[in-house]
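Have a look at the sequence and the model below. After that comes a quick walk through a few spots that may be worth a closer look.

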Amino acid sequence: MSKQPQLNTGELPSRADTDTRANAGACGAEGASNPARRNVLKASALASLAGAGGIAGGLGMKSALAADAAKLPEDYVAPGKLDEYYGIWSSGQSGELRLIGMPSMRELMRIPVFNFDGAIGWGITNESKRVLGRNAPLNGDLHHPHMSLTHGRYDGRYIYVNDKANTRVARVRCDVWRTDRIIDIPNVQAIHGIRPQREPKTGYVFANAEFRVPAPNDGRFLDDPKNYHSMYTAIDGETMEIAWQVLVDGNLDNTETDYEGKYSASTCYNSEGAVTLAGYMQNERDWVVVFNIPRIEAAVRAGKFKTIGNSKVPVVDGRHGSPYTLYVPVPKNPHGINATPDGKYLTANGKLSPTTTVMSWAKIDQWFAGKLKDPRDVVVAEPQLGLGPLHTAYDGRGFAYTTLFIDSQIVKWSIADAIAAYQGKKVNYIRQKLDVNYQPGHNHSSMGETRDADGKWLVSLNKFSKDRFLPTGPLHPDNDQLIDISGDQMKLVADCPVYSEPHDVTIVHRRFLMDKVRRVWDRADPFFAETVKQAKTHGIDLEKDSKVIRHGRKVFVYMWSAAPQFGLNEFKVRKGDEVTIVVTNIDHIEDLTHGFCLANHGINMEISPGETASVTFKADKAGVYWYYCTFFCHALHLEMRGRMLVEA
Ligand code: K7E
Ligand code: CUA
Ligand code: CA
């Protein structure tokens, strides 16, 4: 995705199903501005109110700026200027994470996680294989990226992501933007929703298993769905060890945590325990299951758990009637579950019901304390929003924005008014419905899953783009649409094609990240520490030495890289040797990256400033093989190459 700023060409959408009101923003007619300009506008507006002396000058300045601003679309970020937000995008079955600057929607970087990446050699280098596991599948289905939090605010340390395809959870470091841990989740299948705890600091990362399977799943039970299970998994976000699991009734779809570190909750669309489409839709109500974290921890401490098969993970029984869980019946096949940034409520979105169910954390507390009888007593509102509600985002001003998959709309509604309506008052809680193009899944607001929700931008992640872009063959891109939510009315600002198939995004203000991002590698970085340790045992100073060390049939080739040269012009091995090439980039200069590609061997790796990268392979072909640099680093970049000579 690389969306050019949409300049004001006056090109209006021609489709009848396109909301012209929604496109006003793209035409820049309504005081459109970038965030910095918006602040200037605000300041001048305030100045114009500040006493008689300010009025004339203030108004003059304001209208001049408004005229100026009218020339630029709202998402315009001038060349050389930086975006205000990092959009941290998932990529679905592409298996990677993407960084997109917002509001420009310019793609900044891709971070391979579960996927192969030939540009940096993810899946090729020894360092990446240590993270991936040597025989790990090189695909994944990455739906949900969430940043670690401290006291309900982003702390810029990690992004946690799920892999539905291979039942894994991974962590990406936000200082170097590299995946540093990938773990398998035992006893379950298909990790879908995940959430880091908000309070006091991401301790647990919770992970939902969507597909029910036998436990243990070793072939003893097959076509016996009554013996299929799903479990809720708590992972220690620091060590990435699995702390415990909770056996549940039904399945688990999406999950959310509170702002106090006491509860988390998941949607279940398969209360039926079915294995067919008709079966999943049988019950009028499925449920939200709420987990009582302190009680589960106490049970684990008291030894009230089982283990399954070879796994040592404590499994607590949280099925109906247990003291650890609360099952709240909600309308048919709920999907997204989202906590409000004021820490009071969470909403479960109906999917097959036109409603969203609003629950109160305080009432959940009362239910566990035995003060409420009926699980439905924790529900404080159930607004009718439209067809196919999937996910809800918040602006921190009391409004919620829910995607309507079937209606192809975002509906903006007032939480307080929805609660009033549930209590029987005659109020209209719906504020606006905005057409999106088309069929939105997730949406996400800037800072919206934290206490710092700032209500500036909303992204609608639409599954279908149909006619919105130049045709690209039968496979279409998705369409992620940028929406300005800073005013009373939502305004569609930009269309942005994205490759298959992001589900979700986390929008983080740059103030939480910019100072934390490294520009060159620390030589002591744990990511390649193992390789550095190995070099030491060979008596190698990676910054200075370029030499070949042989141990029987194992050959270690050490070389530095400094534009435009590798430390070795050539090296010789014998056919059949196991060769490990270790390259250290001694150019400690920002942005001076080298690559190491070995011809006809399927090997390429990136070595950023200060980094050490290595690869191990069998030299199974005699002959001359050139290696060369793949990142354009110097006027003599093409000349930055050398030879591997393989003796027959
Ligand atoms: Cu709604 Cu996997 Cu978050 Cu897709 S899930 S949309
Ligand atoms: Cu080094 Cu190109
Ligand atoms: Ca169901």
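## A loop glycine, two ligand sites and some cysteines

Let's start in a loop: Gly-398 sits in the one between β22 (389-394) and β23 (399-404). Keep in mind that this is a predicted model. With a relative accessibility of 35%, Gly-398 counts as partly exposed, because it falls between the 20% limit for buried and the 50% limit for exposed. Leaving aside residues up to four places away in sequence, Gly-398 touches Trp-413, Ser-414 and Ile-415. Pro-341 is 57 residues from Gly-398 in sequence, yet the C-alpha atoms of the two are 9.0 Å apart in space.

So how far can you trust the coordinates? The protein chain has a mean pLDDT of 91, and 89% of its residues reach 70 or more. Residues 1-62 are another story, with pLDDT below 50, although this stretch has 96 contacts in the model beyond near neighbours in sequence. Where pLDDT is low, the predicted coordinates shouldn't be read in detail.

Now to the calcium ion, ligand 3. Its protein donors are Tyr-269 (O), Glu-272 (OE, listed twice), Tyr-280 (O), Asp-286 (OD, listed twice) and Asn-333 (OD1), and they lie 2.3 to 2.8 Å from the ion. Along the sequence, the donor residues follow the spacing Y-x2-E-x7-Y-x5-D-x46-N. Tyr-280 and Asn-333 link distant parts of the chain: Tyr-280 belongs to helix α4 (residues 277-280), while Asn-333 is in the loop between β17 (325-331) and β18 (337-339), 53 residues apart. Is each of these two buried or partly exposed? Tyr-280 is partly exposed at 25% relative accessibility, whereas Asn-333 is buried, with a relative accessible area of 4%.

Over at ligand 1, which residues make up the surroundings? They are His-143, His-144, His-192, Asn-254, His-335, His-391, Gly-441, His-442, Lys-463 and His-503. Sorted by type, the shell around ligand 1 has nine polar residues, one charged and no nonpolar.

Finally, the cysteines. The disulfide count for this model comes to zero. Cys-174 counts as buried, at 0% relative accessibility, and Cys-496 is also buried, at 0%.

Here are the accessibility values side by side:

| Residue | Relative accessibility | Class |
|---|---|---|
| Gly-398 | 35% | partly exposed |
| Tyr-280 | 25% | partly exposed |
| Asn-333 | 4% | buried |
| Cys-174 | 0% | buried |
| Cys-496 | 0% | buried |

How values were computed: Residues numbered from 1 in each chain as written. Chains lettered and ligands numbered in written order. Predicted model: local features only at pLDDT ≥ 70, side-chain atom pairs only at ≥ 80, totals over all residues. Heavy atoms only, no water. Near = heavy atom within 4 Å. Nonpolar A, V, L, I, M, F, W, Y, C, P; charged D, E, K, R; others polar. pLDDT = per-residue confidence, 0-100. Contact = heavy atoms within 4.5 Å. Helix = DSSP H or I, 4+ residues; strand = E, 2+ residues; numbered from the N terminus. Buried < 20%, exposed > 50% of the residue type's maximum accessible area, 1.4 Å probe, protein only. Disulfide = S-S within 2.5 Å. Donors = N, O, S within 2.8 Å, 3.2 Å for Na, K, Ca; no water.
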